[in-house]
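Got the viewer open? Here's a quick tour of what to select, stop by stop.

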Amino acid sequence: MKNLKMKSARAAKDLSQEELAKICEVSRQTISAIEKGDYNPTINLCIAICKALDKTLDELFWVE
Amino acid sequence: MDFSARSLGLAIGVIVGLIVTVVILKLINKDGNTKTKYDEMQLITRGKAYTYAFWTLIIIELFLCITSTGDYKFPFNNYVLHFSAIIIGIVVQVSYCIWHNAYFGLNNSKSRFAIFAILIAVFNFGIALYLHSKGELIVDGVFQDALMNIIVGCMFIVIGIELFVKMIVDKGEMGD
């Protein structure tokens with residue numbers, strides 16, 4: 001399932017996938033795969049993404 | 001050259017190759033580190049790639065075991081045969097990593113890699129050409145050790161082409 005919440009949070013912060021990847025110390029392709037729903041990140045990476053985007057885990061990764 | 005001297009020569013060649021690889025890795029990495037850093041998704045992908053390469057190697061070696069019991073003789077010497085199996089395994093691993101975004105690590109310099117890949121390919125083709133001029137590439141209709149240099153050169157060309165195509169595909173995806 002696509003992670004549109006993460007994509008929109010990144011866009012709101014005016015960050016490119018490349019920039020977010022650099023902050024989280026992962027490759028751009030990993031960020032792309034998470035947003036597309038092709039990869040389920042570990043909790044450590046989820047936290048790093050949340051910190052970079054100033055969001056909580058619930059806000060970005062909780063599926064209703 | 002007797003068997004032990006040739007084996008020793010090849011073993012020294014492999015050790016020198018490994019040392020050169022470590023030096024090249026140090027030069028390719030932007031931070032001067034010998035170890036390439038991968039993120040969590042890349043590590044998982046590389047694990048899968050190693051699995052495919054492992055089974056490829058097993059299948060080829062089984063094939064070589066079975067064929068060695070028959071009368072059929074390959075037009076390559078034994079060393080080349082088994083070395084080719086290793087190279088095919090490496091190509092499977094590398095190709096899987098390239099197409100699943102796990103070939104270049106976070107600290108790799110792609111341009112430096114390209115330069116070294118071209119140099120290694122040219123170097124290997126040069127050695128093969130030199131040995132061919134000395135008549136050591138094919139002896140009695142059987143390809144000798146020099147074929148390994150051609151195989152390694154071809155491997156780097158294949159990797160280069162795959163990386164180039166992947167780069168074009170990625171550029172298209174960047175717009176998403």
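## Stop 1: chain B as a whole

Start by selecting chain B and colouring by secondary structure: you should find 5 helices and 2 strands. Keep in mind throughout that this is a predicted model. Follow chain B along its sequence and the elements come up as α-α-α-α-β-β-α. Switch to the C-alpha trace, and its span along the principal axes is about 55 × 35 × 25 Å.

Now try colouring chain B by burial: 16% of its 176 residues count as buried. If you draw the contacts in chain B between residues at least 6 apart in sequence, 77% of them turn out to join residues at least 24 apart.

## Stop 2: two helices of chain B

Next, select residues 40–69 of chain B, which is helix H2, and residues 78–99 of chain B, which is helix H3. Their axes come within 8 Å and cross at roughly 155°. Which way do they run relative to each other, parallel or antiparallel? With that crossing angle, H2(B) is roughly antiparallel to H3(B), because angles over 145 degrees are counted that way.

Show the side chains where the two helices touch. From H2(B), pick B:Thr45, B:Arg46, B:Lys48, B:Ala49, B:Tyr50, B:Tyr52, B:Ala53, B:Thr56, B:Leu57, B:Ile60, B:Glu61 and B:Leu64. On the H3(B) side, the contact residues include B:Leu81, B:Ala85, B:Ile86, B:Ile88, B:Gly89 and B:Tyr96. Colour the contact of H2(B) with H3(B) by residue type and you get 15 nonpolar, 4 polar and 3 charged. Before moving on, look at the handedness: the crossing of H2(B) and H3(B) is right-handed.

## Stop 3: a helix of chain A

Over to chain A: select residues 28–36, helix H3. Of its 9 residues, 7 are buried, so H3(A) is largely enclosed by the rest of the structure. The buried ones to highlight are A:Gln29, A:Thr30, A:Ile31, A:Ser32, A:Ala33, A:Ile34 and A:Glu35.

What covers them? Bring up helix H1 (4–12) and helix H2 (17–24) of chain A, plus H2 of chain B: the cover over the buried residues of H3(A) includes these three. Then step just past the end of H3(A) to A:Gly37, where phi is positive, at about 85°.

## Stop 4: where the chains meet

Finally, show both chains and select their contact: 9 residues come from chain A and 6 residues from chain B. On the chain B side that touches chain A, the residues divide into 2 nonpolar, 2 polar and 2 charged.

How values were computed. Residues are numbered from 1 along each chain as its sequence is written. Chains are lettered from A and ligands numbered from 1 in the order in which they are written. This is a predicted model: local features need pLDDT of at least 70, side-chain atom pairs count only at pLDDT 80 or more; totals for chains, interfaces and linings use all residues. Two residues are in contact if their C-beta atoms, placed from the backbone, lie within 7 Å. Ala, Val, Leu, Ile, Met, Phe, Trp, Tyr, Cys and Pro count as nonpolar, Asp, Glu, Lys and Arg as charged, and the others, Gly among them, as polar. Axes are lines fitted to C-alpha atoms, for helices over the stretch in contact, and angles run from 0 to 180 degrees between N-to-C directions. Helices (H or I, at least four residues) and strands (E, at least two) are DSSP runs, numbered from the N terminus. Angles under 35 degrees count as roughly parallel, over 145 as roughly antiparallel, 65 to 115 as roughly perpendicular and the rest as oblique. A crossing is left-handed if the near helix is turned anticlockwise from the far one by less than a right angle, and right-handed if clockwise. A residue is buried if 20 or more other C-beta atoms lie within 10 Å of its own, exposed if 12 or fewer, and partly exposed in between; C-beta atoms are placed from the backbone.
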